[in-house]
Amino acid sequence: LKADKDKIVSTSFDGTARVWSWAGRSEMVLEGHRGHVCGLWLQPSQQGSNVWTGADDGLIRRWDIHTGLCQLELVQESLSGATSSIWAVQASEAAVVTGATDGSVRVWDIASGREVLQLSGHQDAVAGLVFDDDKIVTSAFDGTVRVWDWRTMRCRGTVDLLQASQNATRIGMSPH
């Protein structure tokens, strides 16, 4: 679930994402995935907002929130060659970062639509990610949170939540 001042966007097991008004009216259905849509990002842009989705079909899609049309489709292959579900998505104007059930974290160039880098370290599904201009933070079912440096793309540090008797699947980051 993501929201801005105008819209709410939800995902579903039926392969869709839905755009809602704050009054609770379904305004648009974004159709095109096969299987559960889990990854979701609502990206502000100069023309309004874009919706990014990731799903069990291994696809990452950018949708125009005004027309409901898919503007861009990225295809992620699993590290094993099989389809990997996309559980986490976040985008900036230039890049998209995704987290998947095969433990991969991938950085994509929006202009070319190509994967440019994989961050390796998680041993299980990546369920949460967030980034700013300085770092990428990921959380996974292996019980770790990893902090990656945007400039070097190296892991700055790892928090082992299992050792601390904690388990995190989703994360958030304050801009301060």
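This is a chat about the salt bridges in a predicted model.

Reader: How many salt bridges does a search of the whole structure find?
Author: The search turns up 10 salt bridges.

Reader: OK, let's pick one. Which side chain does Lys 7 meet in a salt bridge?
Author: Lys 7 pairs with Glu 27, at 2.6 Å from N to O. Lys 7 is in strand S2 (residues 7-11) and Glu 27 is in strand S4 (residues 26-31), so the bridge ties together parts 20 residues apart in sequence.

Reader: And is Lys 7 buried or exposed, or partly exposed?
Author: Lys 7 counts as partly exposed, with 23% relative accessibility. Glu 27 is partly exposed too, at 38%.

Reader: Switching over to Arg 106, what does its side chain meet?
Author: Arg 106 forms a salt bridge with Glu 115, at 2.9 Å from N to O.

Reader: Why does Arg 106 count as buried?
Author: Because its relative accessibility is 2%, and buried means under 20%. Its partner Glu 115 is partly exposed, with a relative accessible area of 30%.

Reader: Now Asp 134, what's the salt bridge there?
Author: The side chain of Asp 134 meets that of Arg 156, at 2.9 Å from N to O. Asp 134 sits in the loop between strand S13 (126-131) and strand S14 (135-140), while Arg 156 belongs to strand S16 (residues 155-160), so this pair ties together parts 22 residues apart in sequence.

Reader: Which residues are linked with Asp 134 in a network of salt bridges?
Author: Asp 149, Arg 151 and Arg 156 are linked with Asp 134 in that network. As for accessibility, Asp 134 is partly exposed at 26%, and Arg 156 is partly exposed at 41%.

How values were computed: Residues are numbered from 1 along each chain as its sequence is written. This is a predicted model: local features need pLDDT of at least 70, side-chain atom pairs count only at pLDDT 80 or more; totals for chains, interfaces and linings use all residues. Side-chain values use heavy atoms; hydrogens and water are left out. A salt bridge is a side-chain nitrogen of Lys or Arg within 4 Å of a carboxyl oxygen of Asp or Glu. Helices (H or I, at least four residues) and strands (E, at least two) are DSSP runs, numbered from the N terminus. Buried means under 20% relative accessible area, exposed over 50%, partly exposed in between (1.4 Å probe, protein chains only).
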